[in-house]
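Hello,

Here is the structure we spoke about handing over. My notes on what was found in it follow below.

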Amino acid sequence: MGYFPRKELDGITRMDIDVGEAAYPVFVGENPTAIFATYVLAATSARRIVLVADENTAELFGVMYETAFIAATANTTTVPGSAATAAPEVIALTVPAGEACKTWDVVGQLCDAMAQAQVERDDLIVALGGGAVSDLVGFVAHIYKRGMAFALISTTLLSMVDAAIGGKTAIDLAGGKNLVGAFHHPLAVLADTRCLEHLSETEFSSGLAEVAKTAFIEGEELTAFCEEHAAALRARDAALCTELILRCMEFKAIVVASDPFDRGARECLNYGHTLAHAIEREAGYGAIAHGMAVAEGIRFAARVGVQMSGASMETVARQDALLTAFGIAPLAERWTPLQMMDALRADKKVRDGKVRMVLLADIGQWEVVSVDDEILIEHLRAWEQAIS
């Protein structure tokens, strides 16, 4: 692709993206803490840095990043002739892990804690963790004192290749996933690839599923890259993972720039997500890793695409093969068509009561299609019976 300029900084790759509504840098590499912390401090006049991590990430990386920001603030200098200012204070806060943090209760608790710490609108909030934390923190940044700056430090492959780019923020409701949210772009994004080695096999595979989704809608270039390097990517080869993350970020930034508010072309990014969100709702949010649900959604959508969009079984087989090469097996748990139809109707893409799905006619050729209930039920029956 190569649409956005890259720079190498002491082994760290910086890519400056432009998504139409905002432009900001992403930093990708194995030891980027000092560079990132210095950048965000220079880009803001914040007197307080609020570092929000989930319980798991705080235990693994919280001290490392808190220390990095404290070290960066110690190097804060004032402009000659200006009034001396104190170095920013670093405030570390912890939230529940996974989708459990994306609730009104946690939003309120986080806002209350910030208010008690006298966090102001010109201060900075930083999300440290995966996609759930970035969704939560971005949403809080949007509403707290009517909007403040925030930055993202992604620690999971899924968040690096998808959630970190695009400005979407959200929390969940009992009625469905991500039903309350806003668009709020970060000041900067960091993908710390050192964190990948700490991910469980399920967490890493979850990210690879999102990679597969991205590849199938991008087209031959990214799909062929993934097919060629599937084994090495699955083995977490550092150089290839860095290149993969940059390519996925770049593609998503291109799509977002063409449709900043998700009214058209950006819907392609929901490939596989219609069934995925229904699965997550039926299983209970957090019970099944998001990417694993997306992988199931991709398999399902590919087969609906044969009937509705003229896709070939060769396309279906190619998708199945990449997911298998990434080590992602079909889910063992299935739900009845009646259960799934109720969950599918809660999807954000539903219009006039019709379930709308992103389907492929071929790799890189997508469309959004309203699918009749009868067709969905037929495919849901086949899906339910596939493991019986």
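**Helix H9 and its surroundings**

In H9, the buried residues are His 273, Thr 274, Leu 275, Ala 276, His 277, Ala 278, Ile 279 and Glu 280. Please keep in mind that this is a predicted model. Eight of the 11 residues of H9 are buried, so the helix is largely enclosed by the rest of the structure. The buried residues of H9 pack against two strands, S9 and S11 (355–362), and against the helices H6 (201–218), H10 (290–308), H12 and H13 (373–385). Just after H9 comes Gly 284, which takes a positive phi of about 100 degrees.

**Cavities**

H9 also takes part in a cavity lining. How many cavities of 30 Å³ or more does the structure hold? There are four. The largest cavity has about 90 Å³ of space. Its lining consists of 13 residues, and those nearest the centre of the cavity are Gly 176, Lys 177, His 277, Ala 346 and Asp 347. Strand S9 (176–183), helix H9 (273–283) and helix H12 (337–344) are the elements that give two or more residues to this lining. H9 provides the largest share, four residues. His 277 thus appears twice in these notes: it is one of the buried residues of H9, and it is among the residues nearest the centre of the largest cavity. By class, the lining of the largest cavity has six nonpolar, three polar and four charged residues.

The second largest cavity has a volume of about 50 Å³. Its lining is made up of Ser 134, Gly 138, Phe 150, Leu 152, Ala 163, Ala 164, Gly 167, Lys 168, Thr 169, His 184 and Pro 186. Two or more of the lining residues come from each of H4, S7 and strand S8 (168–173). By class, this lining has five nonpolar, five polar and one charged residues.

**The sheet**

H4 and S7, which help to line the second largest cavity, also bring us to the sheet, as H4 lies across S7. The sheet is open and has eight strands in the order S1-S2-S3-S10-S7-S6-S4-S5, with mixed pairing. Strand S1 (6–9) and strand S5 (89–95) stand at the edges with a single partner strand each, so one side of each is left without a neighbour in the sheet. From one strand to the next, the twist averages 20 degrees.

Which strands pair with S4 in the parallel sense? S4 (residues 48–54) pairs in this sense with S5 over seven bridges and with S6 over five bridges. On the S5 side, Arg 48 stands opposite Glu 89 and Val 50 stands opposite Ile 91. In S6, Ala 127 stands opposite Val 52.

Seven of the seven residues of S4 are buried, so this strand is largely enclosed by the rest of the structure. Both of its faces are covered, with Arg 48, Val 50, Val 52 and Asp 54 buried on one side and Ile 49, Leu 51 and Ala 53 buried on the other.

**Helices across the sheet**

Helix H4 (residues 131–143) lies across S4, S5, strand S6 (124–129) and strand S7 (149–154), and runs at about 170 degrees to S6. Helix H8 (residues 238–258) lies across S1, strand S2 (12–18), strand S3 (23–29) and strand S10 (189–192), and runs at about 10 degrees to S2.

Regards

Definitions and conventions. Residues are numbered from 1 along each chain as its sequence is written. This is a predicted model: local features need pLDDT of at least 70, side-chain atom pairs count only at pLDDT 80 or more; totals for chains, interfaces and linings use all residues. Side-chain values use heavy atoms; hydrogens and water are left out. Two strands pair if DSSP finds at least two bridges between them. Axes are lines fitted to C-alpha atoms, for helices over the stretch in contact, and angles run from 0 to 180 degrees between N-to-C directions. Contact means heavy atoms within 4.5 Å. On a 1 Å grid over the protein atoms alone, a cavity is a set of points where a 1.4 Å probe fits but cannot get out, and a pocket is an open set with protein on both sides within 12 Å along at least five of seven lines; lining residues have an atom within 4 Å of a point. Grid points are joined across faces, edges and corners, and a volume is the space filled by probe spheres set on the points. Ala, Val, Leu, Ile, Met, Phe, Trp, Tyr, Cys and Pro count as nonpolar, Asp, Glu, Lys and Arg as charged, and the others, Gly among them, as polar. Buried means under 20% relative accessible area, exposed over 50%, partly exposed in between (1.4 Å probe, protein chains only).
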